[in-house]
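Student: Could you take me through one part of this model in close detail? I would like to look at the open sheet and then at any unusual backbone angles.

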Amino acid sequence: AGLTYVAGLRADAAYRTNLAVTAGDQPVNAIITLFRGNTGLVGTPVQRPIMPHDQQQWALTDLFPGLAQAGVPMSVRVETDAPAIAYASLVDQTSRDSVFLPSTSAATSFWLPVVAHVGGFSGTFWRSDLSLLNPHGDSTTVTLEYLPLGMDNSAGGQVSQEIVLPAWSTQTIADVAGTVFGVTSGKGALVVSSSAPVAVTSRTYTNRADGGTYGHGSPAFLP
């Protein structure tokens with residue numbers, strides 16, 4: 001029971017999103033709220049019942065018809081009145097690759113085990129997108145710290161400039177290792193610190209020769 005969030009969702013020609021809630025041994029009422037880009041809160045929260053030990057899944061566009069915008073990241077808040085697990089699957093419309101994005105509570109510090117901007121086997125090239133949600137009515141500042149692989153980072157890593165997230169906003173930073181830290185070939189861990197609790201997700205992926213992408217979600221962990 002409580003509030004959890006999933007950031008970095010899409011519903012357009014490139015990606016679609018499904019949201020799911022799995023109940024424990026009690027019936028669950030889930031209240032789902034949508035956030036979109038810098039617009040913030042959009043639409044009206046929807047309620048969905050889930051029976052004990054049942055799972056329900058919905059397309060984001062069915063829950064919130066007409067509210068998605070092409071290329072604009074979205075997030076959801078899921079409030080449940082009994083123990084439950086909420087998560088999303090982000091599906092590439094071309095490759096049909098599906099990425100699992102578990103919901104998390106908001107917090108002021110997260111660790112991401114890996115972000116990358118690096119070549120791989122058989123001509124692949126892996127990069128990581130970072131999505132951030134500010135679930136509050138006031139702006140929040142976020143700082144990123146990149147800890148390169150294979151180094152003693154006990155004195156600290158590379159620290160970004162502060163990122164300002166407006167109230168209720170969702171932001172996706174494409175290829176965060178390359179665009180924020182200038183990594184040309186490498187990978188490492190990422191620490192996300194914020195002035196107020198935020199929600200964080202990440203996706204690491206490579207482009208396919210015949211179109212679309214494939215990869216995996218990287219869950220964010222509390223330190």
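Tutor: Happy to; we will go through the sheet, then two loop residues. Keep in mind that this is a predicted model.

Let's begin with the sheet. Four strands make up an open sheet, ordered β1-β6-β3-β4, with antiparallel pairing. At its edges lie β1 (2–9) and β4 (40–50), each of which pairs on one side only. From one strand to the next, the twist averages 20 degrees. If you zoom in on the β1 edge, you will find β1 joined to β6 (residues 74–80) in the antiparallel sense over six bridges. One place to put your cursor is Leu9, whose bridge partner in β6 is Met74.

Now for the backbone angles. Most residues other than glycine have a negative phi, so a positive value is worth a look. Ser122 has a phi near 60 degrees, which is positive although the residue is not glycine. You can find Ser122 in the loop that links β9 (107–119) to β10 (125–133). Its relative accessible area is 62%, and because exposed means over 50%, Ser122 counts as exposed.

Asp175 also has a positive phi, near 50 degrees, and is likewise a residue other than glycine. Asp175 sits in the loop between β14 (170–173) and α2 (176–181). With a relative accessible area of 12%, Asp175 is buried, since the cut-off for buried is under 20%. So the two loop residues part ways in their surroundings: Ser122 is exposed, whereas Asp175 is buried.

Conventions. Residues are numbered from 1 along each chain as its sequence is written. This is a predicted model: local features need pLDDT of at least 70, side-chain atom pairs count only at pLDDT 80 or more; totals for chains, interfaces and linings use all residues. Side-chain values use heavy atoms; hydrogens and water are left out. Buried means under 20% relative accessible area, exposed over 50%, partly exposed in between (1.4 Å probe, protein chains only). Two strands pair if DSSP finds at least two bridges between them. Axes are lines fitted to C-alpha atoms, for helices over the stretch in contact, and angles run from 0 to 180 degrees between N-to-C directions.
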